[in-house]
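Got your viewer open and a selection box handy? Load the model below and follow along, one stop at a time.

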Amino acid sequence: MFDKIGVGLAILYIFSSVVHYVEPRNIRTVPKSDDGAKCGYSSCHPTKPNMLNVHLIAHTHDDVGWLKTVDQYYYGSETRIQKAGVQYIIDSVVESLLRDPEKRFIYVESAFFFKWWKEQTSEMQDQVRMLVNEGRLEFIGGAWSMNDEATTHYQSVIDQFAWGLKQLNDTFGECGRPRVGWQIDPFGHSREMASMFAQMGFDGMFFGRLDYQDKDERLMTQKAEMIWHGSANLGDKSDLFSGALYNNYQAPDGFCFDILCSDQPIIDGKHSPDNNVKERVNTFLDYVKIQSIYYRTNNIIITMGGDFTYQAAQVYYKNLDKLIRYANERQANGSNINLLYSTPSCYLKSLHDAGISWPTKSDDFFPYASDPHAYWTGYFTSRPTLKRYERDGNHFLQVCKQLSALAPKRSEEFDPHLTFLRETMGIMQHHDAVTGTEKEKVALDYAKRMSVALRACSTNIRNVLNQFSTGPVSEPTSQRPFEFKTCTLLNISSCATSESNSPFALTLYNPLAHTTKEYVRVPVADYKYIVLDPTGKSLTTQVVPVPKPVAAIKHRNSIAEYELVFLASNLPAMGYKTYYIQRDDSSPVNIKPTALPKRESSYTVIENENIKLTFDTNGFLSEVTADGMTRMISQEFLYYEGATGNNAEFLNRSSGAYIFRPKDNNIRFATDHVTIEVYKGSLVEEVHQKFNDWISQVVRVYKQSTYAEFEWLVGPIPIDDEIGKEVITRFKSDIKSEGVFFTDSNGREMIKRQRNHRDTWNVKLQETVAGNYYPITTKIALEDTIARMAILTDRAQGGSSLEDGALELMVHRRLLKDDAFGVGEALNETEFGEGLIARGKTHLFVGQSYLRADVSLKAIERLVQLETLLPSWKFFSNMESYTSDQWLSSFTNTYTGISLVLPKSVHLLTLEPWHDNELLVRFEHILEKDEDSRYSKYVQFNIKDVLSAFNIENIRETTLDGNAWLDEHRRMEFVPEPEDEAYEAYATISESANGGHLLSGAKPMLGVEYSKERLGPGELGAQSNRLKRSANAGHFKLHKRRQQHVDEDSINVSLKTDDRAKYLIELSPMEIRTFVVYLAK
């Protein structure tokens, strides 16, 4: 029996005597952990029954770039910006751990750890292995960086976890594998992230930041720890035990013993006049008692660390030793509080062993607000060009992985080049990288890293494509005929190879496992060109002018005046086609493109057989016709003025890199009249719109396309009026959406949103615009019973539906004030001394919601979403030394890497070299259940048929990350509360009726800081805004082991003796399956 202080009810805790898990076995046979290794759950210090066990977590949070670059943080330079040196942290921590076997430490960021590891002697490496094998140094999370959860795409998240966990497994064996996720600093948390953690085999996850109202509600109702249902499609295999930390991730107020802090140490000199042991211990135990009120078991977790702490670990540890010693000595006098060195996994084990049931959650933790006027929704869009560059990096990484795996002959440099790009992309997922919340010079360093990594991996690609085109050669340095250059500025119609050479070759590599077709646009200097496909056939082409605002971009170093358009059809699955393009002055077919005559008194129409767009006399989109119906749909650009203030109080908060706070929630139109030019041809019809001097757009409808493409150009955003601006594109329709819309979660499942609403508490919004913004990684949609409208994006953006039938996306931001959350500078991006220009694409879908005769609109959106995420990659080569006949006869101009084309609903998510003579392969079903009667079905295929280009000896299924055998891996099981049971136990604190102070969300986080401003009575969700629940005295339940669900089809497959049967793969909607494929040596 344990009396929870202040709650006023006694709760009986029944401890489970059986632990329903086993240690995960490492996927590699070497290196093995020592036979006497006692890591993981078996290394935990024992807790004491009938006492409040306080798990002290010694940790550091090391940003992989933020105020300083990655290297500056590692080496500890630029101390005037921030005193932070990661190499000193790891040095110091290891030294302290080696001195005392009782101490524990956790480390998270693999990018930093392995940079340190490579610098160590073999003797030091052996000592660190010992620490890991004994559970004294424990890796938590384990990814290359602690990724953001709003702006990241699931493919990149999986990749960076797979790589970080692979390095840990290969280095430390099973003791290096993390069991718990540790997302303490990302600014909100996605449901898909929980699902990925679960599918990677993690037992649980702890996080720091959640909405201040949500946190208050959860603490007051003891629901800060829960079972999170990570998927609406995958069942309990996507469930993850998740816990919100009480104190973000800092030490309690007054107990940051780090050299970066100024809190008082514990002075225990017996005769010292400054002896403060009694006062310090009393204060700490009072804090413990208060925190324990809000949690359900007799275990609480207290983080003892912060941003870049433990650079002098002995200082922190010496005071923790004293705190533990003097607090525990009081047990002899009746204290029921027990302090111990612990880790998040040991804390999770204690929660599991408590044998109780837990609340559940099915939505996500977006948006995150740290106070009534600070909604962290601005970073969904901040630094839009960096966000797009990151998406390009992921695209190129998949191409490089595939071709490195498919190479007939591998060169020595392949692995280091591919590793460099993998690790660079891992850094880019960091929650202060792709988010755009770093200093501008750090953003430039990220971009530079990306540029170098792309160039490195391009050498792999050039080598492999030349092997396929011309055959393997004996010397890697042999002269190759094809350059296979990448033009990185195609989005502004610039490419030196296509502009300056005739003829030239264009190679389109399709990274998808099914054939595709796409309209290709190539910058050219003239309009007289012919395009030959690999059979020598001349293709239909169309030439359109480069939009005038694009051509007028300062510092655009290009002579291209036109874009050559042609349809590349039947692009081979995971393969390429090469096209021969040359000028042809004699052809009568090529006519200089001219705009259609302006007709200001009539509507303008562009259309194909599937969709028609109508523009009114002012140049705005006004109607869309599709699926046999016409809907009133408009599109326009608007902007919010960013709020400015001194940030001294909530109401004076400025809009900045982190938060979006429009001034007075007012929105301004970019213009009331749009000038347009219309171009029509046999392949594409397009409207060139100019809204003002800094906003323009091209709207396109390609032949046979089911959607319209909107390519926008925004910037430089003017600030001559000293007003920051946040630019949106808005689509308004007559669809009766009734406040409901849908957004994607990291590019996978869609989540239902409702305006001014949260699923788990009655929200109070003082920022009605920013508080309704959500992260859009790939798609936002709304519908009624008749019509549906959806928009695909080409990068992460913030978006919402602020009125029925309307969808808006923020495309660019330029602000003049910092929001005081740590970055210390305004989000005022410049290039060449002027405001940054951004260009991007959205794709608009309109059609019947449910009554389509063939494929559902949702299914079409899914297929196009994949093809726009990973279109063909364009490689250019000068062909002036070869005539078209020589090109046709001398080279292999078409190739496919797989023999069985996969169904459209299946995506070969990963194909990459893994260990020697191994491939890592992932297949995913890209549709959700019930999205389409045809495509949302189980799919079955044989992996040998798909990958017959490889000599496969065997396969074995792994967890999602590819580093643990699925058939040997078991996760902890936590029992959810019965659905018909509701529980509520309110803590009572003396200040609850009078309001209180909020925990500050500003970085860097060291000691605890609270906002100076006090919230008034009734401004917290748990105090006056509670959802009705019924109390149930029988709430706490003994753990019962859930029955393992085994699919009958799986049983049948496993019983088959046919050798082909083990290569048979079945996928259900939204399922991802991961395999190690063994190749013959």
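Here is a tour from the whole chain down to a single loop residue.

This is a predicted model, so keep the ground rules in mind: local features need pLDDT of at least 70, side-chain atom pairs count only at pLDDT 80 or more, and totals for chains, interfaces and linings use all residues. Residues are numbered from 1 along each chain as its sequence is written, and side-chain values use heavy atoms, with hydrogens and water left out.

**Whole chain.** Start with a cartoon view: there are 20 helices and 52 strands (DSSP runs numbered from the N terminus, H or I of at least four residues for helices, E of at least two for strands). Of the chain's 1081 residues, 65% count as buried, meaning under 20% relative accessible area with a 1.4 Å probe, protein chains only. Switch to a surface and you're looking at about 39,000 Å² exposed, 48% of it from carbon and sulfur atoms (Shrake-Rupley method, 1.4 Å probe).

**Two helices.** Now select 414-428 (H12) and 440-470 (H13): their axes come within 9 Å and cross at roughly 150°. Those axes are lines fitted to C-alpha atoms, for helices over the stretch in contact, and angles run from 0 to 180 degrees between N-to-C directions. Show side chains: Phe 414, Leu 418 and Met 425 are among the H12 residues at the contact, and the H13 side includes Tyr 446, Arg 449 and Asn 460 (contact means heavy atoms within 4.5 Å). By class, this contact has 15 nonpolar, five polar and one charged residues. Nonpolar here covers Ala, Val, Leu, Ile, Met, Phe, Trp, Tyr, Cys and Pro; Asp, Glu, Lys and Arg are charged, and the others, Gly among them, polar.

**An open sheet.** Next, pick out four strands in the order E44-E45-E52-E47, paired antiparallel (a pair needs at least two DSSP bridges). At the edges sit E44 (906-913) and E47 (952-958), each pairing on one side only. From one strand to the next, the twist averages 25°. Add helix H11 (384-406), which packs on this sheet, touches E44 and E45, and runs at about 65° to the direction of E44. Then zoom in on E45 (918-925) and E52 (1072-1079), joined over seven bridges; Arg 922 stands opposite Thr 1074 there.

**A loop residue.** Last stop: Ile 719, in the loop between E30 (708-714) and E31 (725-733). What does Ile 719 touch, leaving out residues up to four places away in sequence? Select Lys 725, Arg 814, Leu 816 and Asn 828. Finally, draw a C-alpha to C-alpha distance from Ile 719 to Leu 815: 8.5 Å in space, 96 residues apart in sequence.

Notes: Buried < 20%, exposed > 50% of the residue type's maximum accessible area, 1.4 Å probe, protein only.
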